[in-house]
Structures are given as structure tokens and as C-alpha cells.
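User: I have a structure open and could use some help reading it. Can we go through it together?
Analyst: Yes. Here it is, and then we can start with a term that will be needed.
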Amino acid sequence: MDFSSFNAALLIASLMVAATPVLLAAIGELVVERAGVLNLGVEGMMITGAICGFAVAVNTGSPMLGFVGAAAGSLVLSLLFALLTQLALANQVASGLSLTLFGLGLSSLIGQSYGGQKPPRAYRLDIPGISDIPFFGRAFLQHDMMVYVSLALVAGVWALLKYTRAGLILRAVGENHDAAHALGYKVITIRILAIAFGGACAGLGGAYLSLVRVPQWTDGMTAGAGWIALAIVVFASWKPWRALIGAYLFGGITVLQLNFQAAGVAVPVQLLSMSPYVITILVLVVISARSSGAGAAPASLGRLFHAGR
Amino acid sequence: MIKLEKRRQPSQAWSYATPVLAVLATMFFGGLLFAFLGESPFAAIKTIFWDPLFSEFSFYYRPQLMVKAAPLVLIAVGLSLGFKAGIWNIGAEGQYILGAICGAAVGLALYPLDAWYVFPLMVIAGALGGMLWALIPALLKVRFGTNEILVSLMLVYVAEQLLASMALGPLRNPEGYGFPGSRNLDEYPSATSWILEDAGIHWGTVAALLAVVFAFVLLTRHMTGFHIRLTGDAPRAARFAGVNPGRLTVFSLGLSGLFAGLAGLFEVAGPAGQITIDFNSGYGFTAIIVAFLGRLNPIGILLAGFLLALTYIGGEIAQNQLGLPAAAIQVFQGMLLFFLLAFDLLTNYRIRLTLRETA
């Protein structure tokens with residue numbers, strides 16, 4: 001066993017990188033769920049974003065355009081979900097699952113010719129003098145832009161939900177869609193917008209995996225990250241800053257287990273690899289036990305809305 | 001303006017028609033996809049849906065069809081009972097893996113003992129393995145209110161890691177020169193699940209048919225089946241009628257896990273033959289499509305299972321003969337569920353044209 005390679009600044013830096021994909025997806029899904037819609041298609045949207053972003057970035061040579069393409073691709077996919085659940089009034093759980101199954105197939109279809117390629121390197125923050133501050137600079141200030149974008153998104157969603165009229169309406173739609181409808185708000189339109197936002201965020205998260213974190217394209221590379229994002233929303237009790245904590249905790253566990261693997265700890269590799277999933281389950285149990293059921297969940301979450309009476 | 005009017009009761013006629021419509025729409029849009037990939041859509045659709053059944057080589061494909069359909073039907077029947085009651089086990093893939101691991105472990109432990117009870121013991125172990133794995137989300141839900149969707153799915157990834165460690169560790173073939181993967185159960189007559197290998201029939205086929213009959217009787221003739229249907233249609237009414245939601249959760253998750261575990265065991269003791277790192281092939285997820293396409297009805301699931309098996313086999317033929325990518329079939333299967341859910345609108349709602357929007 002060799003722990004001498006453990007470096008706190010590097011650990012924090014890689015923790016942030018490991019957490020960013022799930023954070024992006026989770027903050028998007030959080031908005032969707034606050035609007036009362038449960039989209040279980042996060043995994044499918046993430047992997048679609050991963051390949052769309054990868055393809056665009058490779059073909060244009062610009063990681064920035066790659067992220068834009070990823071967001072657009074997943075947004076289109078999420079609109080399929082919106083079509084099913086909001087206009088065709090289909091069951092949200094089944095529709096979300098179908099989105100995941102479809103997205104996994106679609107991504108591997110698009111991705112056939114991209115295996116083994118290297119994406120262009122994402123631009124990194126480098127402020128002369130400041131990014132080189134010992135420890136602090138290495139840990140926090142030398143990341144690529146998406147890490148900061150994800151943090152800004154968390155702050156933005158928090159402010160939107162807490163301080164703006166739009167956020168209030170969104171929450172009203174999620175808590176009681178019949179009342180919101182009676183007040184004259186367009187429940188369906190608002191939900192479709194929320195779903196589209198969630199799709200775009202999931203796409204960014206997926207692209208972050210294929211363009212920065214790995215960076216490569218392999219089939220099924222999200223490996224459950226979308227589902228973990230869903231779990232993080234529950235962990236966060238539907239609150240943005242707690243989602244940040246959840247994602248970073250998850251990132252920390254991932255980085256730790258990878259470092260243990262690299263250091264050759266006398267524990268089977270598979271046991272370490274399953275640890276993030278097991279710990280996610282344990283955290284879910286603790287959270288559910290404490291909040292005694294779905295106390296913190298938006299009251300209309302997953303319920304069908306039909307105004308035609 | 002188009003207005004949707006909720007039907008008092010779901011339309012019986014449409015509920016039979018929508019799966020057919022969904023298949024036709026999938027064929028059409030799938031054809032477009034194949035055309036986009038540079039294949040003749042007609043040739044591709046014919047290769048997928050016609051050749052496995054009626055071409056000159058169909059004698060070779062039909063047994064494979066049976067092999068693919070058995071686990072799909074067996075798993076989907078189990079899932080459908082929970083889905084009907086709004087209990088979502090989407091981790092059948094993990095339960096399938098655990099069934100295979102536990103069943104194979106018993107068989108491998110008894111190797112090379114030649115006795116009639118080897119295979120029955122393996123069946124019991126496989127069923128228990130799948131059931132216990134599914135009882136984890138069930139008990140967590142009942143005790144702590146944890147979301148069963150997320151837990152059952154997380155356990156798929158745990159099961160995959162477990163599978164890898166088993167294939168590399170305890171279950172590795174001692175005579176395999178250190179390669180990962182267990183001893184091949186094909187060479188162990190007491191442990192094989194084949195009945196008629198040439199016809200593609202093994203004990204999993206029998207189990208799938210029994211499961212269909214069992215679910216049919218349960219849903220139409222038994223109190224538990226009534227409780228399942230009642231909980232799905234009217235959860236509040238069900239509670240007033242004395243349905244215990246916790247018991248129903250444990251029952252439907254446990255049963256679907258048991259079926260998935262059995263499917264895994266029959267697969268490992270027959271068609272697959274051995275535990276390998278990538279033993280599982282997504283049956284647990286495809287079975288979700290099968291369950292919905294079969295309208296959560298046992299007979300419907302039997303038909304849907306064969307249809308999805310057809311897309312697997314036809315897809316393989318299209319892959320070999322036309323060079324169609326394997327992922328195209330996955331997209332095709334995903335599309336099927338999409339269209340089914342969309343067309344279900346017609347089952348539950350009536351579409352009316354009105355002149356003005358009434359808010």
C-alpha cells in the first residue's frame with residue numbers, strides 16, 4: 001500500500017471534476033421535479049449529450065461548441081419526454097424509462113465511429129499569479145470553465161426559485177397544479193420549459209464526462225451517473241445547495257475509491273467500484289428515514305395533469 | 001382546437017389496437033432510420049421480422065427465438081405484477097445476475113457429482129438469489145420509505161461488479177488456465193437446463209409458460225391479484241378496502257425478483273453455459289418494454305416476448321447480412337416503447353375538435 005501519492009490539493013481538484021457531471025444533471029432534474037415532473041430519463045439524456053458533445057467537439061475542434069451541441073441534443077430528446085408526458089398524458093415513470101432505453105441505443109448508434117478518438121482539450125482557467133497560489137490555486141482555480149458554469153447554475157437556480165416570480169410560479173405548478181391552473185398559469189407550458197432545461201443540463205453533464213472527465217467515447221460510459229443524479233435530488237430534499245453538497249460528496253467517494261484502487265489497497269477492485277452505488281443507497285435510506293417519506297417532495301411530483309374537465 | 005376528453009373507462013378496443021399501431025409506427029420510423037443508415041428499409045424490415053420465421057434458414061433461427069423469448073417473458077411477467085400496482089422494479093437485470101450467480105455456484109460446488117437433485121437445488125438457489133436481491137429495495141421501501149426505483153437500479157451496478165468479482169474469483173474455472181469465467185455447465189449433464197437443445201427448449205421455457213398461467217390465474221381468480229389491480233387503479237380505495245401496501249410491495253418485488261433470478265439461472269445453466277464477466281445482456285431492461293407492450297397482461301406479454309425476441313434475432317441477421325449496427329436494434333426497441341406510450345392516449349382519452357379554447 002502506498003499513500004504517499006495522495007495529495008490533498010489534487011484530491012480536491014479531482015473531486016470537483018468527478019462531481020461536475022452529476023451536479024449538472026442533478027440541478028437540471030431538480031428544476032424539473034420542482035415543477036412536478038419526474039423525468040427518469042436522465043441517464044438517457046446524459047449519454048446522448050455525451051456523444052452529441054463529443055461528435056460536435058471532434059468535428060469542429062471546439063469543446064465550447066461541443067457543450068452547446070450536447071445541450072441541444074439532449075434538449076431535443078427531453079422534448080420527446082415532454083411530448084409523451086405533457087401532451088400525450090403518458091405515465092411519467094414509463095416514459096422516463098423509455099427515454100433512457102432509447103437514449104442508450106441512440107448514443108451507441110451515433111457513437112460507432114467515434115471510439116478511440118481524442119476530443120480537443122477544454123479551455124482551462126489560468127489567471128496569472130492567482131491560479132498558481134499554492135494549494136488553493138491548484139485545488140480550485142485551475143479547472144475548465146464547465147466546473148464554474150455548474151457552480152453558477154446552482155446559484156442561479158437557487159436565486160430563481162427563492163427570489164423571483166418565475167421561480168414562485170414554477171414551485172406553484174409543482175406543489176399544486178390544479179390551483180396553479182385555476183390561477184391562470186399555463187401548467188403544461190411551464191412544465192415543458194422545465195423539462196427542456198433539465199434536458200439541456202443533463203446534456204452538459206454527459207458532455208463533461210466525454211470531453212473532460214474521461215475524455216473519450218465508450219458505449220454506456222455514463223454508467224449510472226444519471227440515476228445517481230436522480231438520487232442526489234432526493235438527497236438534496238429538492239434544494240439547490242444541498243444538491244451541490246450531495247454531488248461533491250459523491251465526487252469525493254468516487255475519487256477516494258479510485259485512489260484506493262491506484263494505491264493497491266488490499267480490497268478487491270470490484271468492491272471499491274461498487275462502493276459509490278452502495279453508499280448512494282445507504283444515503284437514500286438515511287434521508288428517507290429522517291424525512292419520514294416524501295415530506296419534502298413537491299406535492300404534485302409525478303402526478304398527471306389534465307385540465308380538460 | 002384539439003381537446004382531450006377523458007374516457008370514463010379505458011377503451012377496450014383501443015387497448016388492443018395500440019400495441020399493433022405502435023409496432024407499425026416503429027416499423028415505419030425504424031425503416032426511415034435504416035434508410036438514413038444507407039440500407040433499404042424494406043429489406044431491413046423483412047430481414048428483421050420475416051427471415052427468422054419464414055426464410056430458408058428459419059430452421060436455424062426458430063430455436064434461437066425460443067431461447068431469447070423465454071427469459072424475456074419470464075422476467076416481464078414478474079415485473080408486470082408490480083407495474084400494475086405502481087411498484088416499479090427496474091432492477092431485474094441485477095436480480096437476473098444474482099440468480100445466475102447463486103444457481104451456478106451451487107452447481108459448481110457439487111461438480112462433478114452425478115445426481116438427480118443437482119439441478120433442482122440450483123433452481124432453488126437461483127430463485128432465492130434473485131428474490132433476496134429484489135427484497136432489498138422492497139424492505140427498504142416498506143421500512144424507510146426509500147424509493148424502490150432508484151435502489152433497485154443502483155443494485156444492478158452492484159450486481160455487475162459482484163458478477164465480475166465472481167467470474168475472476170470464487171467461481172473461476174480451476175482448470176481454465178487463469179482465464180476469467182467459470183467452468184462450462186454444458187459439460188456437466190446433471191446441471192444443464194436444456195430439455196431439447198435442438199428446438200431451443202430448456203426449463204426456462206417451461207417456467208415462462210408456467211409463469212404466464214400463474215399470473216393469469218392470480219390476476220383473474222385470486223384475492224392478491226385483485227388487490228394488485230385495485231392498488232393500481234385506485235390506491236386510496238385500495239387502502240380503505242384493507243389492502244396492505246407494504247405486504248403488496250414485498251410480494252410483487254419479491255416475486256419479480258424470483259422470476260428474474262430463475263431466468264438468470266436457466267440462462268447460465270443452458271444457453272450461456274458459464275458465468276463470465278459480461279454474462280448479462282440486458283434482458284432485465286428489455287423485459288420492461290415487453291411488459292408494457294404486452295399491456296401488463298400475461299397473454300399479451302407472451303406475444304410481446306416473442307416479438308422482442310424476433311427483433312433480437314432479426315437484428316442479428318441484419319447485422320451479419322446487411323451490416324446494420326447492433327445499436328440500431330436497440331434504438332428500434334426503444335422507439336417501440338415510445339410509440340406505445342404515445343398511442344395509449346387513444347385508450348384513455350377521446351379526441352374532440354372544438355372551435356374555441358376553453359381555458
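Analyst: Two residues are in contact if their C-beta atoms, placed from the backbone, lie within 7 Å. Note also that this is a predicted model.

User: OK, so which residues does A:Ala243 touch, leaving out those up to four places away in sequence?
Analyst: A:Ala243 touches A:Leu23, A:Ala26, A:Ile27, A:Leu30, A:Val154, A:Ile232, A:Val233 and A:Ala236.

User: And which residues touch the most other members of the largest nonpolar core?
Analyst: They are A:Val22, A:Ala26, A:Ile232, A:Ala243, B:Val73, B:Leu74 and B:Ile75. That core has 223 residues.

User: Which helix gives the most to this core?
Analyst: Helix H9 of chain A, residues 187-213, with 16 residues.

User: Let's stay with chain A. How many helices and strands are there?
Analyst: Chain A has twelve helices and zero strands. Its pattern along the sequence is therefore α-α-α-α-α-α-α-α-α-α-α-α, with helices counted as DSSP runs.

User: What radius of gyration does chain A have, and what would a compact globule have?
Analyst: Chain A has 20 Å, which agrees with the value near 19 Å for a compact globule with 309 residues. Along the principal axes, its C-alpha atoms fill a box of roughly 65 × 45 × 40 Å.

User: How much of chain A counts as buried?
Analyst: 53% of its 309 residues. As for contacts in chain A with a separation of 6 or more, 78% are between residues 24 or more positions apart.

User: I clicked on A:Gly53. Is A:Gly53 buried or exposed?
Analyst: A:Gly53 is buried, because 33 other C-beta atoms lie within 10 Å, and a residue needs 20 or more to count as buried. A:Gly53 lies in helix H2 of chain A, residues 42-60.

User: What is A:Gly53 in contact with, leaving aside neighbours within four places in sequence?
Analyst: The contacts of A:Gly53 are A:Gly66, A:Phe67, A:Gly69, A:Ala70, A:Gly206, A:Ala207, A:Ser210 and A:Leu211. As for A:Leu23, which is 30 residues apart from A:Gly53 along the chain, the two C-alpha atoms are separated by 17 Å.

User: Switching to chain B. How many helices and strands are there?
Analyst: Chain B has 15 helices and four strands. Its radius of gyration is 22 Å, close to the 21 Å that the globule rule gives for 359 residues, so chain B is as compact as a globular protein of that length. The C-alpha trace of chain B spans about 75 × 55 × 35 Å along its principal axes.

User: What share of chain B is buried?
Analyst: Buried residues are 53% of the 359.

User: Where is B:Val73, one of the core residues you listed?
Analyst: B:Val73 is in helix H4 of chain B, residues 58-84. With 32 other C-beta atoms within 10 Å, B:Val73 is buried. Not counting residues up to four places away in sequence, B:Val73 touches B:Ala208, B:Val212, B:Ile301, B:Leu302 and B:Gly305. The C-alpha atoms of B:Val73 and B:Val212 are separated by 8.0 Å, with their positions 139 residues apart along the chain.

User: Which peptide bond is cis?
Analyst: A cis peptide bond joins B:Tyr111 and B:Pro112, with omega about 0°. B:Pro112 sits in the loop between helix H5 (92-110) and helix H6 (118-144) of chain B. Most peptide bonds are trans.

User: What about phi? What value does B:Arg295 have?
Analyst: Phi of B:Arg295 is near 60°, which is positive in a residue other than glycine. B:Leu296 also has a positive phi of about 60° and is not a glycine. Most residues other than glycine have a negative phi.

User: Where is B:Arg295?
Analyst: B:Arg295 lies in the loop between helix H12 (283-293) and helix H13 (298-321) of chain B, and B:Leu296 is found in the loop between H12 and H13 too. B:Arg295 counts as buried with 20 C-beta neighbours inside 10 Å, and B:Leu296 is buried with 23.

User: How many residues does each chain put into the contact?
Analyst: Chain B gives 41 residues and chain A gives 40. On the side of chain B that touches chain A, strand S1 (2-6), H6, helix H7 (148-168), H12 and helix H14 (326-343) each supply at least two residues. The residues on that side of chain B are 29 nonpolar, eight polar and four charged.

User: Last one. What scores does the predictor give the complex?
Analyst: An ipTM of 0.87 and a pTM of 0.90. Chain B averages a pLDDT of 88, and 98% of the residues score at least 70.

Note on methods. Residues numbered from 1 in each chain as written. Chains lettered and ligands numbered in written order. Predicted model: local features only at pLDDT ≥ 70, side-chain atom pairs only at ≥ 80, totals over all residues. Buried ≥ 20, exposed ≤ 12 C-beta atoms within 10 Å, placed from the backbone. Nonpolar A, V, L, I, M, F, W, Y, C, P; charged D, E, K, R; others polar. Core = buried A, V, L, I, M, F, W, Y, C linked by C-beta atoms within 7 Å. Rg over C-alpha atoms; globule rule 2.2 N^0.38 Å. pLDDT = per-residue confidence, 0-100.
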